[in-house]
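Trainee: Please take me closely through one loop of this protein, residue by residue, and then set that loop against the rest of the chain. I would like each term explained as it comes up.

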Amino acid sequence: MTPATRSAGLLAAGALLLTSGCAALSDDSGSSASGSDSGKVQVAAAFYPLEFVAERVAGDLAEVTPLTKPGVEPHDLELSINQTAALQSADLILTEHGFQPAVDDAVEQDVKGDVVDVEKVVELRPAEEGGDEHAEEEAEGHAEEEDHGEFDPHFWHDPLLMAQYAEGVRDALAKADPDNAETYEANAKSLTEDLTKVDEEFKTGLAQCKIKEVVVSHDAFTYLDKYGVEFEPIAGLTPDAEPNPAQLAKIGEQAKEHGVTTIFSERLVSTALADTLADDLGLKTAVLDPIEGLSADTEGEDYLSLMRQNLDALKAANGCQ
């Protein structure tokens with residue numbers, strides 16, 4: 001083999017390896033993980049509420065890659081090679097520190113894009129600040145099983161905080177793509193109007209309820225207590241933070257005392273605890289969606305429709321006029 005022939009062979013092999021490497025980073029549709037060839041702003045959104053904000057504010061000017069697919073419980077997310085590549089190449093990364101450790105770890109590595117972290121944009125409430133006088137005791141009971149730090153991460157149940165986060169996304173998109181800043185501004189304004197309307201619907205819908213207590217699967221709903229209802233979680237801030245028998249007994253006693261009619265389970269996680277408690281107390285069960293992610297049942301829904309479904313469920317269970 002002549003030197004020229006050998007060099008040509010090496011170049012061909014190198015090209016094949018490069019092509020194979022790119023294919024390894026493609027998604028199921030065969031497009032590249034970063035989608036950078038489109039010329040659009042590349043956004044990686046850690047979980048569904050952040051994805052929803054990104055899609056509404058960016059419109060068709062960005063490609064939004066959701067890191068948490070429908071049907072996956074976001075707390076349990078483990079990043080694939082494709083998802084890690086999307087993070088590393090994204091222009092913007094939307095995340096909430098402490099909510100998904102796998103995403104936190106990846107962001108601490110080599111990412112080139114700006115990070116729009118919820119806790120830097122939104123005023124989160126302290127984790128120990130629950131919906132009733134038992135919140136501190138519940139927090140102590142689950143302390144060893146949770147890793148969300150000092151703040152409750154479930155801010156999206158307050159539509160006005162979602163609007164606040166949308167402003168941060170708007171500003172980051174305008175920085176990445178200044179030519180379209182006015183469009184991002186208009187889109188964020190439209191989203192804020194929709195979120196404000198949902199906020200008003202909750203204020204009106206829960207203003208006069210016969211029952212104020214709500215028993216839910218896990219401690220994901222305390223931002224809703226601004227509307228006058230109180231949430232008693234069966235589990236802690238994460239769905240797998242299970243209570244002990246004494247805590248379950250106390251929840252049952254409170255449910256009877258406050259005239260609770262319904263024990264709420266949720267999508268994406270087991271309904272066993274809620275079902276068992278409801279059976280023991282002779283109560284009904286219903287679904288209250290924490291909207292942490294979409295499921296097979298809700299892929300056709302969005303944040304706004306799921307919030308309204310939750311409002312209807314609360315009104316039915318609590319005798320609200």
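Mentor: The account below starts with the loop between β8 (284-287) and α11 (303-318) and then moves outward.

This is a predicted model, in which local features need pLDDT of at least 70 and side-chain atom pairs count only at pLDDT 80 or more, while totals for chains, interfaces and linings use all residues. Residues are numbered from 1 along each chain as its sequence is written, and side-chain values use heavy atoms, with hydrogens and water left out.

Helices (DSSP runs of H or I, at least four residues) and strands (runs of E, at least two) are numbered from the N terminus. I291 sits in the loop that runs from β8 to α11, and its phi is positive, about 55°, although I291 is not a glycine. Most residues other than glycine have a negative phi. I291 is also buried, because its relative accessible area is 0%, where buried means under 20%, exposed over 50% and partly exposed in between, with a 1.4 Å probe and protein chains only.

E301 belongs to the loop between β8 and α11 as well, but E301 counts as partly exposed because its relative accessibility is 28%. Leaving aside residues up to four places away in sequence, E301 touches Y48, L294, L306 and Q309, a contact being heavy atoms within 4.5 Å. Its side chain makes a polar contact of 2.7 Å with the side chain of S305 and another, of 3.4 Å, with the side chain of Q309. A polar contact is a pair of N or O atoms within 3.5 Å; within protein, one must be able to donate a hydrogen and the other to accept it, and residues adjacent in sequence count only if both atoms are side-chain atoms.

Two residues of other loops are worth setting beside these. H75, in the loop between β2 (62-66) and α3 (81-89), is buried because its relative accessible area is 14%, and its side chain makes a polar contact of 3.5 Å with the side chain of E292. L268 lies in the loop between β7 (262-265) and α10; it has a positive phi of about 80° without being a glycine, and it is partly exposed because its relative accessible area is 26%.

The loop of L268 leads on to a helix pair. Helix α9 (residues 245-257) and helix α10 (residues 272-281) pack at an angle of about 55°, with their axes 11 Å apart, the axes being lines fitted to C-alpha atoms over the stretch in contact and the angles running from 0 to 180 degrees between N-to-C directions. That makes α9 oblique to α10, since angles under 35 degrees count as roughly parallel, over 145 as roughly antiparallel, 65 to 115 as roughly perpendicular and the rest as oblique. On the α9 side the contact is made by L248, I251, G252, A255 and K256, and on the α10 side by L273, L277 and L281.

As for the whole, the protein chain has 11 helices and eight strands, and buried residues make up 48% of its 321 residues. Among its contacts with a separation of 6 or more, 67% are between residues 24 or more positions apart.
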